[in-house]
Amino acid sequence: MTNHTPTDHDHVLTRTEDHAAYITLNRPKALNALSHPMVLRIEEALTAWADDPAIELVVIDGSGDRGLCAGGDIRAIHEDARTGGTASAAFWRDEYRLNALIARYPKPYVALMDGIVMGGGVGISAHGSVRIVTERSRVAMPETGIGFVPDVGGTYLLALAPGELGTHLALTGAPVGAADALLCGLADHFVPSADLPALARELAAEPVHAVLERYVRQPQPGALAPAREWIDHCYSADTAEEIVARLLASGEPAAKAAADTLLSKSPTAVKVSLAALRRARRLGPLERVLEQEYRVSCTALSSPDLVEGIRAQVIDKDRTPHWSPATLEEVSPAAVDRFFAPLDAHELRLGATAPSQEVVW
C-alpha cells in the first residue's frame with residue numbers, strides 16, 4: 001500500500017451535488033488552520049461557481065470533530081516575522097481579498113460554524129450570507145493574546161456589534177457561544193450540531209429558506225445580554241487605561257475577570273485594537289476596513305510582541321509572554337499611530353462594487 005502525502009488540494013476538498021457546491025477544510029490535525037494555498041484554492045472554487053448557472057449555493061464546513069477553523073497558520077507567521085520575511089503579507093493580501101469576495105458573493109454562502117471558529121475561521125464564515133452556529137460553537141477573535149490585532153474583517157464585524165460588545169470581544173479575545181454569536185451579529189441561525197449533516201445534504205435539492213425552516217432552533221441563553229450594562233459603560237471609555245479602571249471599579253465579578261484578561265494581553269495589541277475598532281466605525285464598507293487591517297497586520301510583523309506572543313502560546317507553550325512595552329501606560333499614541341501609517345506602493349486596494357452594510361451609530 002502506497003502512503004499518500006497530503007497536498008494543498010487535499011487540504012481543501014470541493015464537490016458539487018445537484019444545485020449545491022461544497023467546500024470542506026481538511027486539516028483536522030491542525031484544526032483546519034488556513035495556509036496560503038488553501039486560501040487560493042477556496043478563492044478559485046468560489047470564482048468558478050459564481051459564474052456556473054448549475055450552482056445555486058455554496059456550503060463550507062470543516063473536517064474532524066473539533067471545529068470549522070482555528071485561524072491562520074500562526075507557526076508559519078511566527079517564522080516569517082522572526083526572520084523578517086514577506087510571506088505573511090502576501091498571505092494576508094489574498095486572505096483579505098477572499099474575505100471581501102465572500103461578503104459580496106452573488107449566491108447564498110452557507111457557513112457551518114460548528115465547534116471552534118477563530119481568527120481566519122471567522123473570516124471565511126462570518127462574512128457569509130447564511131451563518132449557522134451550534135451548541136458546540138466557540139467563536140472568537142483572540143489575536144491580542146499573541147500580540148496581534150483582529151483582522152480578516154474582524155474589526156468591521158465587531159464594530160457592528162451592539163453597544164460595546166465588539167470592543168469587549170476584541171480586547172479580551174473572549175470566545176462566545178451560539179446565543180452570544182447571534183447577539184453580536186457574528187451568526188444568523190442556531191441549529192443543533194447533530195442536525196448539520198442532514199441540513200447540508202438537503203441544501204443540495206431545496207432552497208436555503210425551506211431547509212432552515214425545518215432545522216433552526218433557539219439556543220440556550222448566552223452570557224453577554226445580562227452583562228450589557230457594565231460592558232457598554234466600561235468599554236465606552238476613550239482609552240484602554242480608562243476601560244480597565246472602569247472594569248475594576250464596576251463591582252461586577254465578570255468585569256474584574258475581564259480586566260484581568262485584558263491586562264494579560266499585549267498592551268500594544270490592546271491599544272491598537274481599540275484604535276482599529278474606533279476607526280472602523282467611520283470607514284464604511286468592509287473593503288475600507290480590510291485595507292486598514294492590512295496596514296495594521298503588516299506593521300505587526302515588525303512588532304516584537306507578535307513573535308513573543310506566538311512563542312509563548314504556540315511554540316514553547318509556557319503561556320508567559322514578555323510584552324514590550326509591558327504596560328498600557330508605556331504604549332504611546334505615536335506607537336499606536338505607526339500601525340495605521342500608509343504602506344505606499346504596498347497598500348492593499350479593494351474595490352467596492354455593490355452596496356455594503358455600513359456601520360451606523
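**Notes on helix packing, voids and backbone details**

1. Let me start with helices α10 (residues 228-235) and α11 (residues 240-249), whose axes cross at roughly 145 degrees and come within 8 Å of each other. On the α10 side, the residues involved are W230, H233, C234 and Y235, and they meet I243, R246 and L247 of α11. Sorted by class, this contact holds five nonpolar residues, one polar and one charged. Please keep in mind that we are looking at a predicted model here.

2. A second helix pair worth a look is α3 (residues 87-103) with α14 (residues 286-300), where the axes lie 10 Å apart and the packing angle is about 165 degrees. Angles over 145 degrees count as roughly antiparallel, and α3 and α14 are therefore described that way. The crossing of α3 past α14 is right-handed.

3. If you would like to display that α3 and α14 contact, the α3 residues are A89, W92, R93, Y96, N99, A100 and A103. Their partners on α14 are L286, E287, L290, E293, Y294, S297 and C298. By class, the contact has nine nonpolar residues, together with two polar and three charged ones.

4. Now to the open space: how much volume lies in the largest pocket? The value is about 990 Å³. The lining of this pocket counts 39 residues, and those closest to the centre are A70, G72, I74, I146 and V314.

5. Which elements each supply at least two residues to the lining of the largest pocket? They are α2 (74-83), α3, β6 (116-118) and α15 (304-315). Helix α15 gives the largest share, with four residues. Helix α3 is thus worth following twice, as it takes part in the packing with α14 and also in the lining of this pocket. The pocket lining divides by class into 19 nonpolar, nine polar and eleven charged residues.

6. For enclosed space, a search of the whole structure turns up one cavity of 30 Å³ or more. The volume of the largest cavity is about 50 Å³. You will find V139, A140, M141, L158, L169, A170, A174 and L186 around the largest cavity. Strand β8 (138-140) and helix α6 (165-172) are the elements that give two or more residues to this lining.

7. What classes of residue line the largest cavity? There are eight nonpolar residues, with no polar and no charged ones. The lining of the largest pocket, in contrast, includes nine polar and eleven charged residues.

8. Two backbone details deserve a check on your screen. The peptide bond joining S324 and P325 is cis, with omega at about 0 degrees. P325 sits in the loop between α15 and α16 (333-337); α15 is the helix that gives four residues to the lining of the largest pocket.

9. The other backbone detail is at L31, which has a positive phi of about 50 degrees although L31 is not a glycine. Where does L31 lie? Its place is in the loop between β2 (20-25) and α1 (36-50).

How values were computed. Residues numbered from 1 in each chain as written. Predicted model: local features only at pLDDT ≥ 70, side-chain atom pairs only at ≥ 80, totals over all residues. Heavy atoms only, no water. 1 Å grid on protein atoms, 1.4 Å probe; cavity = no way out; pocket = protein on both sides within 12 Å on 5 of 7 lines; lining within 4 Å. Points joined across faces, edges and corners; volume = space filled by probe spheres on them. Nonpolar A, V, L, I, M, F, W, Y, C, P; charged D, E, K, R; others polar. Axes fitted to C-alpha atoms, helices over the stretch in contact; angles between N-to-C directions. Parallel < 35°, antiparallel > 145°, perpendicular 65-115°, else oblique. Left-handed = near helix turned anticlockwise from the far one by under 90°. Contact = heavy atoms within 4.5 Å.
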